[in-house]
Amino acid sequence: MNCPNCGAPVSEGASFCGNCGASFSAPQPQPVAPQPVQQSSYNTYPQTPSYPVSGSVPPENKPLSPWAYFGYTLLFSLPVIGFICLIIFSVDNGNINRRNFARSYWIWFVLAIVIGTVVGILFAIFGTSIANEVSNFRYY
């Protein structure tokens, strides 16, 4: 038998070449890393956050009760203190549900100002003519 690397004669059963030192043992198979299975995103659902087994919800995600919404509505309706609390709760990160409710209250607040402004402008433009029509209506 001859060495496949250098061609020198080698005795039968030798595990390496005496001339070049090449090994004749069978190559050891290299372990193949398993390929990750690619799953289709078709028909998969988003992962829901898992909380500890005790069932506790983090304080920043704690839901508000209906009475809390009612109380915050009354608080935000107060003239000065309610406006200050509305500003504070709109930017506070203490509870995301309270923050979102305060921000939604801002939307109603802005909407009321816009509608009041439009009605005021329309009354300023057409107010006297509407008042004249109402006063003339009494005599029919």
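# Getting to know the core, the rings and the cysteines

User: N95 lies in the loop between α2 and α3. Is N95 buried or exposed?
Analyst: Keep in mind that this is a predicted model. The relative accessible area of N95 is 10%. Buried means under 20%, so N95 counts as buried.

User: Which residue has its backbone nitrogen 2.8 Å from a polar atom of the N95 side chain?
Analyst: Leaving out residues up to four places away in sequence, N95 touches P59, E60, K62 and L64. There is also a polar partner: the side chain of N95 places a polar atom 2.8 Å from a backbone nitrogen. That nitrogen belongs to N97.

User: How many residues make up the largest nonpolar core?
Analyst: Let's start with L64, which touches N95 and also Y69, Y72, N97 and R98, again not counting residues up to four places away. L64 is a member of the largest nonpolar core, alongside Y72, F76, C85, L86, F89, F101, A102 and Y105. In total, the residues of this core number nine.

User: Which elements give two or more residues to this core?
Analyst: In soluble globular proteins, nonpolar side chains tend to be buried together. Here, the core's members include F76, L86 and Y105. The elements that supply two or more of its residues are α1 (66-77), α2 (81-91) and α3 (96-137).

User: On the other side of α2 from its buried residues, which residues are exposed?
Analyst: The buried residues in α2 are G82, C85, L86, F89 and S90. They cover an arc of only 130° around the axis, so they sit on the same side of α2. On the other side of that helix, the exposed residues are I81 and V91.

User: What is the angle between the planes of F83 and F109?
Analyst: The structure holds eleven aromatic pairs, and F83 with F109 is one of them. F83 lies in helix α2 and F109 in helix α3, so the pair ties together parts that are 26 residues apart in sequence. F83 is partly exposed at 32% relative accessible area, and F109 is partly exposed at 33%. Their ring centres are 5.8 Å apart, and the pair is tilted, with an angle between the planes of 45°.

User: How far apart are the ring centres of F101 and Y105?
Analyst: Both residues lie in helix α3, four residues apart, which is about one turn of the helix. Both are buried, and ring pairs link them with Y69, Y72, F76 and F89 into a cluster. Their planes meet at 55°, so the pair is tilted, and their ring centres are apart by 6.4 Å.

User: How many disulfides does a search of the whole structure find?
Analyst: A disulfide is a covalent bond between the sulfur atoms of two cysteines. C17 is buried, with a relative accessible area of 2%, and its nearest cysteine sulfur, that of C6, is 3.7 Å away. A disulfide needs the sulfur atoms within 2.5 Å, so C17 is in none. Over the whole structure, the number of disulfides found is zero.

User: Which residue holds the cysteine sulfur closest to that of C20?
Analyst: C20 counts as partly exposed, at 36% relative accessibility. The closest cysteine sulfur is 3.7 Å from the sulfur of C20, too far for a bond. The residue that holds it is C3.

How values were computed:
Residues are numbered from 1 along each chain as its sequence is written. This is a predicted model: local features need pLDDT of at least 70, side-chain atom pairs count only at pLDDT 80 or more; totals for chains, interfaces and linings use all residues. Side-chain values use heavy atoms; hydrogens and water are left out. A nonpolar core is a set of buried Ala, Val, Leu, Ile, Met, Phe, Trp, Tyr and Cys residues joined through side-chain atoms within 4.5 Å. Buried means under 20% relative accessible area, exposed over 50%, partly exposed in between (1.4 Å probe, protein chains only). Contact means heavy atoms within 4.5 Å. A polar contact is a pair of N or O atoms within 3.5 Å; within protein, one must be able to donate a hydrogen and the other to accept it, and residues adjacent in sequence count only if both atoms are side-chain atoms. Rings of Phe, Tyr and Trp (its six-membered ring) pair if their centres lie within 6.5 Å; planes under 30 degrees apart count as stacked, over 60 as edge-to-face and the rest as tilted. The arc is that of the directions from the helix axis to the C-beta atoms.
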